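Work through these exercises with the model open. Each has a task, then a solution in steps.

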Amino acid sequence: MEPKTVKAIIDGQEYTLTYNGETKKWTALFTAPSRSSYNEEGHYYDVTARATDEAGNVKEVNSSTEGAIGEALRLEVNEHVKPTATITAPGENALLTDNTPEITVQLRDDDSGINIDTFLLEIDSNPAIRSDSPGVSTESVSGGYDVVYTPQEALGDGAHTIKVNVSDNDGNAADTVTRSIKIDTTPPSLDITSPPDNFVTNQKTITFEGSASDASGTPTVTMILNEKTDQGEVTLNEEGKFTKQVTLENEGVNYVDTTATDKAGKTTTIRRTIILNTHAPEFKTVTLTPNPVDAGATCQIDITFEDANEEAMNG
Ligand SMILES: [Ca+2]
Ligand SMILES: [Ca+2]
């Protein structure tokens, strides 16, 4: 016998079905739950249907009912909001001296949740890294996962592109997130063309000439005299060449340390030792032997000097 009333309960909402004599079906329209069923037990919403006849007999079925009826009462709801992937380190255009830099990623989805098995991380055109690849650690956090990947092989000097994507449990893919980084493990090149090391001069002001370059762009150059006196800005031209006048402080030995620093902080230093000697040779002794000498005979002259370097050293 046809029931008198038929109701359906879906996600706590009760709906009354109406009978259609032509189709002989009890029917109602209802609004699907606003959130994915993925996180419900069994990944579905339970639908309960209850029929009451005129005599007051009640029959209720739901998703736990055995057989085809129970299976038909399992409502799967899919959401369509993309998850998000965020690379939290390294920063965009980061210049790194570590060639196996930790890459940290946040994966978030506020409904069906992150399907960590769909995680993909690519560096350049290398094979994709997955959540179970060597060097990957994943941590389940509220709303998703935090992922850390440490490259298992050193990245070469130069530019690299990191790409990350993931899908949620309802199959929605995030927008691919991309990060550009540069690796620089090589100190800058530095050359001092003039003066040579251990240069001896009587000029207090010396012109230094040299050049510096680096794969990460023009390095900065500093010059320190005698380990304490900064010589100020050293300007490099477009070819990386520089000229700098340095006024020596010490009679005798001076040290000029020229350092090139690249954008990654790597340095190369060249020391030039310059000996300043402003003293002309000092005659110490002169002897003519023999003296007096016979006309037309051989005579010898001997001269000795003060030690110029020693004198300079001793001031
Ligand atoms: Ca989603
Ligand atoms: Ca470098």
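Buried means under 20% relative accessible area, exposed means over 50%, and partly exposed lies in between. The model is predicted.

**Exercise 1. Find the donors of the calcium ion (ligand 2) and classify the arrangement.**

Step 1. List the donors. Asp184 and Asp214 each appear twice through OD atoms, Thr186 gives its O, and Asp262 gives an OD. The distances run from 2.2 to 2.7 Å.

Step 2. Place the donors along the chain. Their spacing reads D-x1-T-x27-D-x47-D.

Step 3. Check the angles. Six donors count as octahedral if opposite donors are over 155 degrees apart and all others between 65 and 115. Around ligand 2 the 6 donor atoms subtend 52 to 158°, so the arrangement is irregular.

Step 4. Apply the accessibility cut-offs. Aspartate 184 has 2% relative accessibility and therefore counts as buried. Threonine 186, at 41%, counts as partly exposed.

**Exercise 2. Do the same for the calcium ion (ligand 1), and locate two of its donors in the chain.**

Step 1. List the donors. Glu79 supplies two OE entries and Asp109 two OD entries. Val81 (O) and Asp168 (OD) complete the list, and the range is 2.2 to 2.8 Å.

Step 2. Locate the pair. Valine 81 sits in the loop between β6 (74–75) and β7, and aspartate 109 in the loop between β9 and β10. The two are 28 residues apart and link distant parts of the chain.

Step 3. Read the spacing. The pattern is E-x1-V-x27-D-x58-D.

Step 4. Check the angles. The 6 donor atoms subtend 50 to 167°, which makes this arrangement irregular.

Step 5. Classify the pair by accessibility. Valine 81 counts as exposed because its relative accessibility is 52%. Aspartate 109 has 7% and is therefore buried.

**Exercise 3. Which residues touch the most other members of the largest nonpolar core?**

Step 1. Start with the members. The core has 24 residues, and those touching the most others are Ile103, Val105, Leu107, Phe119, Leu121, Ile162 and Val164.

Step 2. Assign the elements. Those giving two or more residues are β7 (84–89), β8 (94–96), β9 (103–108), β10 (114–123), β12 (144–149), β13 (158–168) and β14 (177–183). The most comes from β10, with 5 residues.

Step 3. Follow one member. Beyond four places in sequence, valine 164 contacts residues including Ala85, Ile87, Val105, Leu107, Phe119 and Val177.

Step 4. Look for another core. A second, separate one has 18 residues, among them Val221, Leu225, Ala260 and Ile274.

**Exercise 4. Is threonine 258 buried or exposed?**

Step 1. Place the residue. Threonine 258 lies in strand β21 (residues 252–261).

Step 2. Compare with the cut-off. Its relative accessibility is 0%, so threonine 258 counts as buried.

Step 3. Identify what it touches. Outside four places in sequence, the contacts of threonine 258 include Leu190, Ile192, Val221, Met223, Phe242 and Ile270.

**Exercise 5. Describe the interface between domain 1 and domain 2.**

Step 1. Set the bounds. The domain assignment gives domain 1 (5–75), domain 2 (84–183), domain 3 (189–276) and domain 4 (283–313).

Step 2. Take the separation. The C-alpha centres of domain 1 and domain 2 are 43 Å apart. Each of these two domains puts 5 residues into the contact.

Step 3. Read the area. Together domain 1 and domain 2 bury about 460 Å², with 31% of it on carbon and sulfur atoms. Arg35, Ser36 and Tyr38 supply 82% of what domain 1 buries against domain 2, more than any other three residues.

Terms used:
Residues are numbered from 1 along each chain as its sequence is written. Chains are lettered from A and ligands numbered from 1 in the order in which they are written. This is a predicted model: local features need pLDDT of at least 70, side-chain atom pairs count only at pLDDT 80 or more; totals for chains, interfaces and linings use all residues. Side-chain values use heavy atoms; hydrogens and water are left out. Donors are N, O and S atoms within 2.8 Å of the metal (3.2 Å for Na, K and Ca); water is not among the atoms, so sites may look incomplete. Four donors count as tetrahedral if all angles lie between 85 and 135 degrees; four count as square planar and six as octahedral if opposite donors are over 155 degrees apart and all others between 65 and 115; anything else is irregular. Buried means under 20% relative accessible area, exposed over 50%, partly exposed in between (1.4 Å probe, protein chains only). A nonpolar core is a set of buried Ala, Val, Leu, Ile, Met, Phe, Trp, Tyr and Cys residues joined through side-chain atoms within 4.5 Å. Helices (H or I, at least four residues) and strands (E, at least two) are DSSP runs, numbered from the N terminus. Contact means heavy atoms within 4.5 Å. Domain bounds come from an automatic or database domain assignment. Buried area is the accessible area (1.4 Å probe) that two parts lose on being put together, summed over both.
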